[in-house]
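Open the model in your viewer and keep the selection box handy. We will go from one stop to the next, picking residues and looking at what surrounds them.

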Amino acid sequence: MADENKNSEKKNPIDEIVENTTIADVYRADKQLSGVVKKTRLIKSDFFSEISGNEVYLKPENMQHTGAFKLRGAYNKISQLSPEEKAKGVITSSAGNHAQGVAFAAKKLGVKAVICMPATTPILKVEATKAYGAEVVLHGDGFDDAFKYSLELQKKHGYVYVHPFNDREVLLGQGTTALEIINDLKDVDAILVPVGGGGFASGVALATKLVNPGVKVIGVEPENAACMKAAFDAGKIVTLSGADTVADGCAVKTAGDLTFAFCKKYLDEIITVSESEIMSALLSLIEKHKLIAEGAGVLSLAAPGKLNFKGKKVVAIISGGNIDISTLYALIDKALIVRGRIFRFSVMLADKPGQLLNVAKILSEENANVVKLEHDQARVTDSYKKVVLEVTVETHNQEHIERIIRAMNKHGYEVEKIDLLR
């Protein structure tokens, strides 16, 4: 009977992994990565400090080899494989930073790498992954299709799978980021880390708490893809119905079981940020620091203004900067709209000479710079004597937009705002 009780009290294997992982494991990973990764130096940010009431520093992992922190975990994982496992080669599925991290690490270590990417992956990302020497297999319309196919290939060829987040050696590699932060800023009070599947947050929280338990580690998730917060709230892993966010690198519906266990033990809290806050943070990073990052990369920068403390030293990790120009342009455009720097509206005009000039004069008097005009008579169905004018102007802020609307109304024009964020 006693033996039966002992067996029933056996710990979950995942809990055992969490309990048996020590700071020595993180230092081992750090030694493994020595000479491989860049030690990205902290940047003091006056701008983010001012808006948060704290002393904010940036950890620019967007300047890392391959443009993101993912290299740390991928290299540590592959470097720990036995000679027999390395001979088999590695495989993963990713359309982003993990793909390039695995490809780079495998090339460094002389290991064959196969990366399954959705057929819809932008050609620039495909070519960037190939440039590191990996074999790229395009399959399916999305990540789930590519992931399933990668498992089929793993089974068929015996490859070793390198999971993007739900793997102990991967998260240990990511945790080396925290060691660098603490080494550079020994009196750091809090670290903000993006959360997708939880690998980065797990590693950073683990390393931070085992070195200095007094440092707060706060995860930052998109409101539209907050799978880890949902798991925290439910006390178990849940799958979201969707994960539609501009922070596509963190668009994860289900947190990892291993990462959930680590985060539950070591992460202090999770803050969620809106799409507009993410885009605004991206614009601020570009304008104030002349640094480029991707949507997921700036999650931490969307959070300083939401912290419930002041006067502390805070490090916000910029997790990655791999973004194509067209996507960057679109996000900047949306960020300008959120900030009230771009305003688009329509007005109904009488179809007679001088009306367009009147509108232009009002906008000029209100110091609104016209970017685009569209004159469309065909859209008016109730009167052939009316025409719709759509106007896009550069503005200063939301207050400036309201002044323009009041001025237009004063001159008899009814303004209809056009939602450019849809």
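The tour below visits strands, helices and aromatic rings in turn, in a model that is predicted.

**Stop 1: strand β4**

Start by selecting residues 113–117, which make up strand β4. Are the residues here buried or exposed? Five of the five are buried, so β4 is largely enclosed by the rest of the structure. Show the side chains next. In a regular strand, side chains alternate between the two faces of the sheet. Here Ala-113, Ile-115 and Met-117 point one way, while Val-114 and Cys-116 point the other way.

**Stop 2: the strands on either side of the pairing**

Keep β4 on screen and add strand β3, residues 90–93. The two strands run parallel and are joined by four bridges. To find your bearings, pick Val-90, which stands opposite Ala-113 in β4. Now add residues 97–109, helix α7: together with β3 and β4, this helix makes a right-handed β-α-β unit.

Then select strand β5, residues 135–138. β4 and β5 also run parallel, again with four bridges between them. A useful marker is Cys-116, which sits opposite Val-137 in β5. To follow the chain from β4 to β5, trace it through helix α8, residues 123–131; this β-α-β crossover is right-handed.

**Stop 3: Ala-105 in helix α7**

Go back to helix α7 and click on Ala-105. This residue is buried, with a relative accessible area of 0%. Which residues does Ala-105 contact, leaving aside its neighbours within four places in sequence? The answer is Leu-71, Ala-74, Tyr-75 and Ile-78, and these four are among the buried residues of α5. You can also draw a distance from the C-alpha atom of Ala-105 to that of Thr-66: the separation is 10.0 Å, although the two residues are 39 apart along the chain.

**Stop 4: helix α5**

Those contacts lead us to helix α5, residues 70–79. In this helix 10 of the 10 residues are buried, so α5 is largely enclosed by the rest of the structure. The buried set includes Lys-70, Arg-72 and Lys-77. Colour what packs against the buried residues of α5: α3 (23–33), α6 (83–88), β3, α7, β6 (160–161) and α10 (168–184).

**Stop 5: where α3 meets α10**

Hide everything except α3 and α10. Two packed helices are described by the angle between their axes and the distance between the axes. For α3 and α10 the angle is about 80° and the axes are 8 Å apart, and the two helices are therefore roughly perpendicular to each other. Zoom in on the contact and you will find residues including Tyr-27, Arg-28 and Leu-33 in α3 meeting a set in α10 that includes Glu-169, Leu-172 and Leu-179.

**Stop 6: the aromatic pairs**

To finish, show the aromatic rings. How many aromatic pairs does a search of the whole structure find? There are seven. One of them is Phe-69 with Phe-200, a stacked pair at 3.7 Å centre to centre with 10° between the planes. Phe-69 lies in the loop between β2 (55–60) and α5, and Phe-200 is in helix α11 (residues 199–211), so the pair ties together parts that are 131 residues apart in sequence. Phe-69 is buried at 8% relative accessible area, and Phe-200 is buried at 5%.

Last, select Phe-262 and Tyr-266, which are also stacked: 6.5 Å centre to centre, 20° between the planes. They are four residues apart in helix α13 (residues 257–266), about one helical turn. Phe-262 is buried at 0% relative accessibility, and Tyr-266 is buried at 8%.

Conventions. Residues numbered from 1 in each chain as written. Predicted model: local features only at pLDDT ≥ 70, side-chain atom pairs only at ≥ 80, totals over all residues. Heavy atoms only, no water. Phe/Tyr/Trp six-rings, centres within 6.5 Å; stacked < 30°, edge-to-face > 60°. Buried < 20%, exposed > 50% of the residue type's maximum accessible area, 1.4 Å probe, protein only. Pairing = 2+ DSSP bridges. Right-handed = clockwise from strand over helix to strand, strands pointing away. Contact = heavy atoms within 4.5 Å. Axes fitted to C-alpha atoms, helices over the stretch in contact; angles between N-to-C directions. Parallel < 35°, antiparallel > 145°, perpendicular 65-115°, else oblique.
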